[in-house]
Amino acid sequence: MNTKKSEEMYSMMLGLTPAGVSSPVRAFKPYPLFAKLGDKEIIEDQDGNRYVDMCMAYGPLILGHCHPSVVTAVRKQMLKGCVYGMPSEAEMELLKRICEDVACADSVRLTNSGTEATMHAIRLARGFTKKSAIVKIDGGFHGSHNDLMVNGNGQKITPFSEGIPEDSIRNTRIVSYNDTEFLSSLLESDKSIAAVIMEPIPGNMGVILPKKGYLSEVRRITKENDVLLIFDEVITGYRVAKGGAQELFGVVPDMCTMGKIIGGGFPVGAFAGRSDIMEMVAPSGPIYEAGTFSGNPITAVAGLTTIKNMTSVKYEELKRKTEIVTKAVNDIINDKNITATLNSAPSMFQIFFGKESVLNAVDARGADSKIFYDFFRFMLKEGFYLPPSKMEVEFLSTAHSYDVVERFCEKFGQYVEIMKK
Ligand SMILES: Cc1ncc(COP(=O)(O)O)c(C=O)c1O
């Protein structure tokens, strides 16, 4: 495979930005591939190699690259202006859709990224409850702001970046996903907790599914202890179902955050919740949050067009395709007698090598990174672009055909044969 242009661009980029990438997840060894174009389920690199894109820009492109109706809507909006500094119709329509589709969303505030959304959501939770501590899940990711960039367990909390002052994380508590016992005792003993923020289906430690009843138990415990529950649906919103994981599992949080799909490929975020909480946001209330580009009309038309295109038939098809991958990959794992597992939720999945089951961050970290990277390189050679880390997610879009899905499974089978040798 010739990737010479990517290599050259990488060496130029190295002098321009750290490690040659604008976001660390895009880096891999020996150098990342540089994109030339995206087309439906295909991504093409600068050397003209074409790959089935299973990364899909880490989640926003549920309709695939360059969906014609999104392109048309954006073009039309461009001619009418790309930023106003006034509220607009496109923004109103997007907000209306979110309020209709997402159970906890009586009211929504748009931001420019998922990071901003979670940052403002926890400020709002703190302001509303007049309490200061926030509980997060070990291995959960909510963007790159100080308060939530920590991992660990009840005893030991470690920032996963330098430069985070101890004061910023003094009010952060950590619990393990799929464990309600510790959460319950923490919330009963620590009355400074304003909110629990969690990805209802974690997508930043591969994909992890809630044990039966886990999310409803978290809902019960938080309610009983007068603690707000925030679902971070930046990945799962409009993906696992129109109404996100809260619809899929029938568990309604007090607030949620969203991003990715609701921007149709443009920068976006949102936080939403019960009206009595959302009324506290400025200028209705005393909790400040603002953004020059928030509610941007280009983002809004792209997001709105994407959402409108996602009919229930398309959600059903995505679910079916995910089921096909899940069954085929797990059948191969069993038939070939290797230790691995695939976790999936509609249109998202991850394969963990060296693990029979993955229920939390400790399990996910324990999966074999070397084999995953080897699998990633193999798939690249075979024309599939996966996110280069076992802690990320393979995404399906409506542009991925049944044929492509079956080819992915075949390639997995071929890889297992090679791996066993
Ligand atoms: C669950 C979750 N929350 C928040 C974020 C941050 O979103 P953004 O990258 O738009 O800032 C991400 C990013 O991947 C995410 O996966």
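Which residues in helix 4 are buried? The first view below takes up that question, and the others move on through this predicted model.

**View 1. Helix 4 and its buried residues.** Gly 114, Glu 116, Ala 117, Thr 118, Met 119, His 120, Ala 121, Ile 122, Leu 124, Ala 125 and Phe 128 are the buried residues of helix 4. An α-helix has 3.6 residues a turn, so residues three or four places apart point the same way. Helix 4 is built from 16 residues, and the distance from its first C-alpha to its last is 22 Å, close to the 22 Å expected at 1.5 Å a residue. Just after helix 4 comes Lys 130, with a positive phi near 60°.

**View 2. The shell around the ligand.** Stay with helix 4 for a moment, as residues 114–129 form the element that gives the most to the ligand's shell, with three residues. In total, 16 residues surround the ligand, and Ser 113, Gly 114, Thr 115, Gly 143 and Val 234 are the closest. Sorted by class, the shell has 10 polar, four nonpolar and two charged residues. Gly 114 is worth finding in both views: it is among the closest residues to the ligand, and it is also buried in helix 4.

**View 3. The open sheet of strands 1, 2, 3 and 15.** Four strands make up this open sheet, in the order 1-2-3-15 and with mixed pairing. Strand 1 and strand 15 (384–385) are at the edges; each has a single partner strand, so one side of each is left without a neighbour in the sheet. Look along strand 1 and you will find strand 2 (residues 42–45) paired with it in the antiparallel sense over four bridges. One residue pair to pick out is Leu 37 with its bridge partner in strand 2, Glu 44.

**View 4. The three-stranded sheet and helix 11.** Here the strand order is 13-14-16, in an open sheet with antiparallel pairing. The edges belong to strand 13 (340–345) and strand 16 (394–395), each with a single partner strand, so one side of each is left without a neighbour in the sheet. Strand 13 and strand 14 (residues 348–353) run antiparallel and are joined by six bridges. Among the residues to follow here is Ser 344, whose bridge partner in strand 14 is Phe 349. Lying across strand 13 and strand 14 is helix 11 (residues 312–335), which runs at about 170° to strand 13.

**View 5. Two positive phi values in one loop.** Which loop holds Tyr 58? Tyr 58 is in the loop between strand 3 (50–53) and helix 2 (68–78), and Cys 66 also lies between strand 3 and helix 2. Tyr 58 is not a glycine, yet its phi is positive, at about 65°. Cys 66 is likewise a residue other than glycine with a positive phi, near 55°. Are these residues buried or exposed? Tyr 58 has 18 C-beta neighbours inside 10 Å and therefore counts as partly exposed. Cys 66, with 15 other C-beta atoms within 10 Å, is partly exposed.

**View 6. Cis peptide bonds before Pro 30 and Pro 283.** Lys 29 and Pro 30 are joined by a cis peptide bond, with omega about 0°. Pro 30 sits in the loop between helix 1 (4–14) and strand 1 (35–39). Ala 282 and Pro 283 are also joined by a cis peptide bond, again with omega about 0°. To find Pro 283, look in the loop between helix 9 (275–278) and helix 10 (297–309).

How values were computed
Residues numbered from 1 in each chain as written. Predicted model: local features only at pLDDT ≥ 70, side-chain atom pairs only at ≥ 80, totals over all residues. Buried ≥ 20, exposed ≤ 12 C-beta atoms within 10 Å, placed from the backbone. Near = placed C-beta within 6 Å. Nonpolar A, V, L, I, M, F, W, Y, C, P; charged D, E, K, R; others polar. Pairing = 2+ DSSP bridges. Contact = placed C-beta atoms within 7 Å. Axes fitted to C-alpha atoms, helices over the stretch in contact; angles between N-to-C directions. Expected span 1.5 Å × (residues − 1).
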